[in-house]
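Q: I'd like a close look at a single helix in this one, with what covers it, and then a walk outwards through the rest. Keep the cut-offs handy, please.

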Amino acid sequence: MNNTLRQKTTLLALLLFLWGGVSAKAEEYFSYNTSIKQAYQKAVALRLDEAAALLTKLKAQAPQNLAVYHIENYLDFFRLYINEDVDEYNRLKKHLDIRLNKIKAGDPQSPYYLYVQGDIFLQWSLVKLKFGDFMGAFSNAGKAFRLLKKNQEKFPQFMPNYKDLGLLHALVGTIPDNYQWGVKLLGGMQGSIAQGKAELEKVMRYAKQNEFMFADETVVYYAFMVLHLENDAEEAWKILQNQNLDVAKNPLHCFLKSSVALRSGHTNEAIEMLSQYHKTAGALDFPALEFQLGLAKLRRLDSDAAPHFLNFLNRFRGRNNIKEAYQKLAWSELIKGNTAGYKRYLQLCTQRGVADFGSDKNAQEEAQNNTTPEPTLVKARLLFDGAYYQKALELLQEKENYRWPTQATQLEYTYRLGRVLHGMERWDEALVLYRQTISNGRESTYYYACNAALQAGLICEARKNYAQAKQFFDLCLGMKPSDYKTSLHQAAKAGISRVSGE
């Protein structure tokens, strides 16, 4: 065949291909272009309908770009995690397999191929945990870890891997004993707080020098790790203070920052930012912000806390925090001297919501106890939680010589006084009261002694007396209170991890 004929044959083949005479499948790819980034930013601003519309347009323009399915999963994650709507969950959970099948058609040599699958599994693990599917949550977390670990081995410099692995490595070492059955589903995943923290810090250093789409997400993971696992609420607050979070317009930013503010004793700041937030058109409704504002005001003993809890209950269609909201409404009546109102709200507490997690379980226990708590102790508890330590101390000192009617109320008084002195950094006095609480309450079902052991461990850790800190953390793990056991034991295991250098 001469050159002229060869050229004509090649040209004819090309024309047939372009005109559809030769079928060929376009190759799928991952491109996190400007439009994908815009959709992601709308998603994390909870402008979910706008993000969905943009993704639909992108599918039509570039149907081979599989990054669309990654961002789509963020929409389901936020919608389910915030709304907690069971019907919506049952309708949307089929998307997990659909999206994974789409992504598996992509290029296995892309660093996003395994990462996106792992990230989607991680998000669904958190969703399933929220809906009480603990088996599914552990299973999905294990799948996420194996995919991300494999991707890390193939692409060791790919930063998104470390965003997710950092979170997983930090959490796995703090799983409470009553969930150890789930560790088998994690497929040999091991880790520590130190390892997870180092991985997230690596990502943050990279993000300071390079454009990184998931920079804010990484910082939020890091701040919550410092808050919940390192028990350094003030440092977590400083981390988010240095972030450019739009708390006035972005409901997710407002929720995250106010959550840390409430845990770190910045109650006045929490009230200010939650009061200034106003839902903008197009943003997902976030009733939890009303719950947060009610809680912050109640901790300050403000008289107008109750309407915020009622607003939350009227708007929220989910499962969690319902019982706690009724408990807090009951407390708001009790501290006003309205015992009948207290009992009325606790009756509703027994009838509505679920008791899957610590605060709701505690509310259910109180509602079924048929014993009205001492208003002074409730006020002291709220003031302490709001970091109004001096007011709480003055309130408790007024009852210094009071004969408490039951052993339980005397135990709680000792515990509350220890907590307040701890907050004021009067550590020696606090330790005396913690030891007294442990001695008198370690065999009871109340959480006071268990948390006293945890808090004593934290004081010893702060003083770098790691051996004694571990003794207190072990003591905490040895107690089985009816309330808050999971969270207290997780905190104790995190403490052991820190003081053991694991």
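A: Here's a tour that starts at one helix and works outwards. Bear in mind that this is a predicted model, so local features need pLDDT of at least 70 and side-chain atom pairs count only at pLDDT 80 or more, while totals for chains, interfaces and linings use all residues. Residues are numbered from 1 along each chain as its sequence is written, and side-chain values use heavy atoms, with hydrogens and water left out.

Let's zoom in on helix H23, residues 427–441. (Helices are DSSP runs of H or I with at least four residues, strands are runs of E with at least two, and both are numbered from the N terminus.) H23 has 15 residues and reaches 20 Å from first C-alpha to last, close to the 21 Å expected at 1.5 Å a residue; that expectation is 1.5 Å times one less than the number of residues. Its buried residues are Ala430, Leu431, Leu433, Tyr434, Thr437, Ile438 and Gly441. Buried here means under 20% relative accessible area, exposed means over 50%, and partly exposed is in between, with a 1.4 Å probe and protein chains only. The cover over those residues includes helix H22 (407–423), helix H24 (448–462) and helix H25 (466–477), where a contact is heavy atoms within 4.5 Å.

On to the cysteines. The structure holds 0 disulfides, a disulfide being two cysteine sulfur atoms within 2.5 Å. Cys460 is in none, and the nearest cysteine sulfur, on Cys476, is 13 Å away. Cys460 counts as buried at 3% relative accessibility, and Cys349 is buried too, at 0%.

H4 (residues 67–83) makes a nice second helix to look at. With 17 residues at 1.5 Å each, H4 should span 24 Å, and its end C-alpha atoms are 25 Å apart, which agrees. Of those 17 residues, 15 are buried, so H4 is largely enclosed by the rest of the structure. Glu84 follows H4 and has a positive phi, near 55 degrees.

Two loop residues also have positive phi without being glycine. For Leu301 the angle is near 60 degrees, and this residue sits in the loop between helix H15 (288–299) and helix H16 (306–315). Leu301 is partly exposed, at 30% relative accessible area. For Asn321 phi is near 70 degrees, in the loop between H16 and helix H17 (322–334); its relative accessibility of 27% makes it partly exposed.

Leu256 belongs to helix H13 (residues 251–263) and is buried at 14%. Leaving out residues up to four places away in sequence, Leu256 touches Val220, Phe224 and Leu240.

Zooming out, the protein comes to 26 helices and 0 strands. Its C-alpha trace spans about 110 × 50 × 40 Å along the principal axes. Of the 502 residues, 53% are buried, and among contacts with a separation of 6 or more, 65% join residues 24 or more positions apart. The accessible surface is about 23,300 Å², with 50% of it on carbon and sulfur atoms; these areas come from Shrake-Rupley with a 1.4 Å probe, and for residues only the protein chains shown count as cover. Finally, the mean positions of the 63 positive and 53 negative charges are 4 Å apart. Lys and Arg count as positive and Asp and Glu as negative, without His or the chain ends, each placed at NZ of Lys, CZ of Arg, CG of Asp or CD of Glu.
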